[in-house]
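Me: Could you take a close look at one part of this protein for me? I would like to hear about the open sheet and the salt bridges.

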Amino acid sequence: MNKFDSMHAFTQVVDASGFAAASRKMGLSRSQVNKLVINLEDSLGIQLLQRTTRKVTPTKTGLAFYERCRAILAEVAEAEEAITQYQTQPKGTLRVNAPMSFGTKYLAPILPDFLTQHPDLKVELVLNDRFIDPIEEGFDISIRISAQPTTSSLIIHTLCPAPRVLCAAPAYLEQQGIPGNPDQLKNHSCLHYGYSAPLNQWELKGPNQTQSIRVQGTVCSNNGEVLRQAALKGLGIALLPHFLVGEDLKADRLQVVLSNYASPEIAVHILYPVSKHLSAKVQLFTEFLQSQLGQEPQLVDETGKN
């Protein structure tokens, strides 16, 4: 008995709620499907299905085994697909998740080039700024801008640094004054990513020490572009990635403050589940991002000058 065939027959019967519908879908006779399931039950020594004249339902143990079978069969199918794709042109849909501002500024312009190179692929790009679990939410690739992630379930490639800068509109600084040290930020409107720690705690490393300052302001948001616009309108001081505000700094729409203090290093990371390591489409997109953005000057230029 091929156990994978039996597991496949069992999951099909559960999905179809009966042997007749499962056999039609599999292109086998009802007796063949029934025999595969019975052989599986015999090998396990457990009843997996509750059979009546009207319907077939999994037992409690059968339902638990069904979930495991689905996961195993999906892994096998993905492994077979990955190996096949190494020999042929990759096909299918690549699901990608990325932060909103980064995705619109950097991924949107280069995505057509990737699809032109691989015409049999489709990309589903989902942009949001909330923390997501790429495994739980079914993403092939997730892009994060953060400190180095620590996880054993994901493979991590660091794409490039994403330095941050404290900045504000000249009009705001003229009206409210320029802070001379991190402690003075407590007297300013600071535009930040959230009210709960550590998002409203700015850690700044100076020449002699590192200070952690709890900030508050008129605007907080989970989106960097919202904070950038608030800073441009003179609503306060923001701590933002340089790739968002570099052009504003060069055009003097924003001005760096506390330039002798640095925030902890963050970077752009490409993450994908360990199970996707053999996926040709994941490897191709990872290599594409590394070639297109790995040396992107706007991401790594901290000065705002050419």
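Reply: Happy to help; here is a walk through the sheet, followed by the salt bridges. Please keep in mind that this is a predicted model.

The open sheet has five strands in the order β4-β3-β5-β13-β6, and their pairing is mixed. At its edges lie β4 (121-127) and β6 (154-161), each of which pairs on one side only. On average, neighbouring strands of this sheet are turned by 20° against each other, direction ignored. Inside that order, β3 (residues 92-98) and β5 (residues 141-146) run parallel and are joined by two bridges. Here you will find Val-96 opposite Ile-141 of β5.

Now to the side chains. Glu-124 and Arg-95 form a salt bridge, at 3.3 Å from N to O. Because Glu-124 sits in strand β4 and Arg-95 in strand β3, this pair ties together parts 29 residues apart in sequence. Glu-124 is partly exposed, at 34% relative accessible area, and Arg-95 is partly exposed too, at 22%.

The structure holds six salt bridges. One of them joins Glu-41 to Arg-51, with the closest N and O atoms 3.0 Å apart. Glu-41 belongs to helix α3 (residues 30-44) and Arg-51 to strand β1 (residues 49-51), 10 residues apart. With 10% relative accessibility, Glu-41 counts as buried, whereas Arg-51 is partly exposed at 34%.

Another salt bridge brings together Lys-105 and Glu-247, at 3.8 Å from N to O. Lys-105 lies in helix α5 (residues 100-117) and Glu-247 in helix α8 (residues 242-250), so parts 142 residues apart in sequence are tied together. Finally, a network of salt bridges links Glu-225, Arg-228, Asp-248 and Arg-253.

How values were computed:
Residues numbered from 1 in each chain as written. Predicted model: local features only at pLDDT ≥ 70, side-chain atom pairs only at ≥ 80, totals over all residues. Heavy atoms only, no water. Pairing = 2+ DSSP bridges. Helix = DSSP H or I, 4+ residues; strand = E, 2+ residues; numbered from the N terminus. Axes fitted to C-alpha atoms, helices over the stretch in contact; angles between N-to-C directions. Salt bridge = Lys/Arg side-chain N within 4 Å of Asp/Glu carboxyl O. Buried < 20%, exposed > 50% of the residue type's maximum accessible area, 1.4 Å probe, protein only.
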